[in-house]
Amino acid sequence: MTINELVKELKLTVFAGEQGLNKNISSAYCSDLLSDVMVNAQENNIRITLQTHKNAVAVAVLKDLSGQILVNNHQPNADAIEAANEEGIPLLGTEKSTFEICGILYPLLWNK
């Protein structure tokens with residue numbers, strides 16, 4: 001599944017990183033702790049988080065993540081949007097909770 005397909009399927013808001021919408025998603029990783037993401041997230045994962053700052057984008061670049069979904073109507077700050085656009089990391093948003101998004105993503109990404 002690509003980021004673009006996920007955006008359409010879940011009706012996600014695209015805040016930044018539109019040039020990365022064709023990236024493939026291998027799985028998802030959910031964590032709000034950057035050190036945890038740096039150790040455990042895998043390449044092409046989509047990260048589920050409530051972090052809205054540019055350090056979250058930097059970790060996505062470091063781990064070669066496909067993108068990030070911000071939950072609970074969180075919106076990225078201006079620095080994060082700028083960094084995401086520069087790096088091609090899609091920043092997506094939803095009003096849904098972390099629990100809801102994880103539950104929705106699991107069958108989409110694991111029942112291939």
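Buried residues are those under 20% relative accessible area. The legends below describe a predicted model.

**Figure 1. Gln 68 and its surroundings in strand 4.** Gln 68 lies within strand 4, which covers residues 67-70. Because its relative accessibility is 1%, Gln 68 counts as buried. Its side chain forms a polar contact, at 2.9 Å, with the side chain of Arg 47. Leaving aside residues up to four places away in sequence, Gln 68 touches Ile 46, Arg 47, Thr 49, Ala 56, Val 57, Ala 60, Ile 89, Pro 90, Leu 91 and Leu 92.

**Figure 2. Packing of helix 3 against helix 4.** Helix 3 spans residues 54-63 and helix 4 spans residues 78-87; their axes are 8 Å apart and enclose an angle of about 20°. Angles under 35 degrees count as roughly parallel, and helix 3 and helix 4 are therefore roughly parallel to each other. From helix 3, Lys 54, Val 57 and Val 61 meet Asp 79, Ala 80, Ala 83, Ala 84 and Glu 87 of helix 4. The residues of this contact comprise five nonpolar and three charged, with no polar ones.

**Figure 3. The protein chain as the setting for both close-ups.** Five helices and five strands make up the secondary structure of the protein chain, in the order α-β-β-α-β-α-β-α-β-α from the N terminus. The C-alpha trace spans about 35 × 30 × 25 Å along its principal axes. The radius of gyration is 12 Å, which agrees with the value near 13 Å for a compact globule of 112 residues. Of the 112 residues, 45% count as buried. Among contacts between residues at least 6 apart in sequence, 50% join residues at least 24 apart.

Note on methods
Residues are numbered from 1 along each chain as its sequence is written. This is a predicted model: local features need pLDDT of at least 70, side-chain atom pairs count only at pLDDT 80 or more; totals for chains, interfaces and linings use all residues. Side-chain values use heavy atoms; hydrogens and water are left out. Helices (H or I, at least four residues) and strands (E, at least two) are DSSP runs, numbered from the N terminus. Buried means under 20% relative accessible area, exposed over 50%, partly exposed in between (1.4 Å probe, protein chains only). A polar contact is a pair of N or O atoms within 3.5 Å; within protein, one must be able to donate a hydrogen and the other to accept it, and residues adjacent in sequence count only if both atoms are side-chain atoms. Contact means heavy atoms within 4.5 Å. Axes are lines fitted to C-alpha atoms, for helices over the stretch in contact, and angles run from 0 to 180 degrees between N-to-C directions. Angles under 35 degrees count as roughly parallel, over 145 as roughly antiparallel, 65 to 115 as roughly perpendicular and the rest as oblique. Ala, Val, Leu, Ile, Met, Phe, Trp, Tyr, Cys and Pro count as nonpolar, Asp, Glu, Lys and Arg as charged, and the others, Gly among them, as polar. The radius of gyration is taken over C-alpha atoms; the globule rule is 2.2 Å times the number of residues to the power 0.38.
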